[in-house]
Amino acid sequence: MPSIDFLRPRLVGARFDGHAIPLEFLKDLAVLEEMIVEVAKWRFLQAHPGRHRSPRGFTDGISLKLTGVEEGSAIPVISLVIAANTLFALENQGYFEEARNAVVSAISAAEKSAVVTQFLPEKTLSYFDRMGRSLRDGEAIEFTTPTQAAPARLTKETRRRLVLASSKVNELTEETTIRGAVPEADQDEMSFEIQLTDGQKLPAPMHTPHMETILDAFNGYKRGVRVLVDGIGKFNRNGRLQGFESIEHVNLLDPLDIGGRLDELRELKDGWLDGQGVAPTTVGLDWLASAFEDRYPDDLRLPFLYPTAEGGIQAEWSHDPNDVSIEIDLAHKTGEWHLLNMQTQAEETRSLKLDQDADWKWLSDRIREIAGVQHD
């Protein structure tokens, strides 16, 4: 069975280091095969203008298969496999190679903000809505062909350009994580709504594995119970989230969940404090959310978070008889630690550099000591 080296896409990003390919990426390769087949049929029709459809059995005896993974950033080896003694498949090999070249050229055009439809028809661009949607910021899939040595990079941004290059597409999907409440759940329709901090309500399907968690959140709506939802979000052409195509994970949030509280503080506007308070910046809140996610231990109690008049954040812990607070300067990524023992009136202060691992370790160790929590 002849096998032809067809594509070697290079996966770029920290997730792909160490010769590793996340299983979710295999879905992207399956979509790539679907697209190559449809573009090959289109190339056949271009070469035969008198025909209205590709011949029956056009793909019989020919397929794309993952035949290996090379090191570096992970590089899946995709081969074009042709069944032995299949003359029709051998004749069509050229259309598959033309399809590959067209797809890579379109990705390259999107990267350069050039016209994508000079390489692919509009109807095939919708495949990019399902290919590459697991890509994260800073990640890319690099494609080369025998006729294009310079890598064509599929990123979150180029994928978006490719999908929206079709006038027939009104929305695109992306992997999405949000926090919200559940004001409505319909067990007959197997659907529910997620309410964001700004009041927007997003429809989503309710799958059986998540039903118990969703109903718990629905029953706790009046008490402020919130959930963390991971799934495939549907966005309009302006990038606004409209709802969910599918849900992968739903988890109940801690009442003091940092991300949820910071989402609430994003709604503040300048003048929020009797006309005077400065609203915290989105960039600063993003940094603080990531810092707590990456550096604050899961076994410790979360702090209460409050905005300060200067545009910062105050984090407060109460471990009787100690009151602990850190006034956080988002712009400079610093914090002023203050501890007051309510019995002895003894005080403790310290300046922290919250962009430094060492100071986060000191903070977590000190909170653990005050709370009497043993280190795992």
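On one side of helix 7, Thr282, Val283, Glu293 and Asp294 are exposed. The model is a predicted one, and this helix is a useful place to start reading it. Helix 7 covers residues 282-295, 14 residues in total, and reaches 20 Å from its first C-alpha to its last, close to the 20 Å expected at 1.5 Å a residue. Away from the exposed side, Gly284, Leu285, Trp287, Leu288, Ala291 and Phe292 are buried. These buried residues cover an arc of only 160 degrees around the axis, which puts them on the same side of helix 7. An α-helix has 3.6 residues a turn, so residues three or four places apart point the same way. The cover over the buried residues of helix 7 includes helix 6 (258-265), strand 13 (313-319), strand 14 (322-329) and helix 8 (357-371).

Helix 5 (residues 211-219) can be read in a similar manner. Its buried residues are Ile214, Leu215 and Ala217. Viewed down the axis of helix 5, they fall within an arc of 160 degrees, so they line one face of the helix. Glu212 and Asn219, on the other side of helix 5, are exposed. What the buried residues of helix 5 pack against is a set of strands: strand 7 (171-186), strand 8 (191-195), strand 10 (227-236) and strand 11 (241-252).

Next comes the sheet that includes strand 1. It is an open sheet of three strands in the order 1-4-3, with antiparallel pairing. Strand 1 (3-7) and strand 3 (62-70) are the edge strands, as each pairs on one side only. On average, neighbouring strands of this sheet are turned by 35 degrees against each other, direction ignored. Strand 1 and strand 4 (residues 75-82) run antiparallel and are joined by four bridges. One residue to look at is Leu7, whose bridge partner in strand 4 is Ile78.

Helix 1 lies across strand 1, strand 3 and strand 4, and runs at about 145 degrees to strand 3. With 23 residues at 1.5 Å a residue, helix 1 should span 33 Å, and its end C-alpha atoms are 33 Å apart, which agrees. Its buried residues include Phe25, Leu29, Leu32, Ile36, Trp42 and Phe44.

Glu24 sits in the loop between strand 2 (10-12) and helix 1 (25-47). Its relative accessibility is 24%, so Glu24 counts as partly exposed. Neighbours within four places in sequence aside, Glu24 is in contact with Arg15, Ser134, Arg136 and Glu175. Glu24 and Trp317 are 293 residues apart along the chain, and their C-alpha atoms are separated by 39 Å.

Technical notes
Residues numbered from 1 in each chain as written. Predicted model: local features only at pLDDT ≥ 70, side-chain atom pairs only at ≥ 80, totals over all residues. Heavy atoms only, no water. Helix = DSSP H or I, 4+ residues; strand = E, 2+ residues; numbered from the N terminus. Expected span 1.5 Å × (residues − 1). Buried < 20%, exposed > 50% of the residue type's maximum accessible area, 1.4 Å probe, protein only. Arc of directions from axis to C-beta. Contact = heavy atoms within 4.5 Å. Pairing = 2+ DSSP bridges. Axes fitted to C-alpha atoms, helices over the stretch in contact; angles between N-to-C directions.
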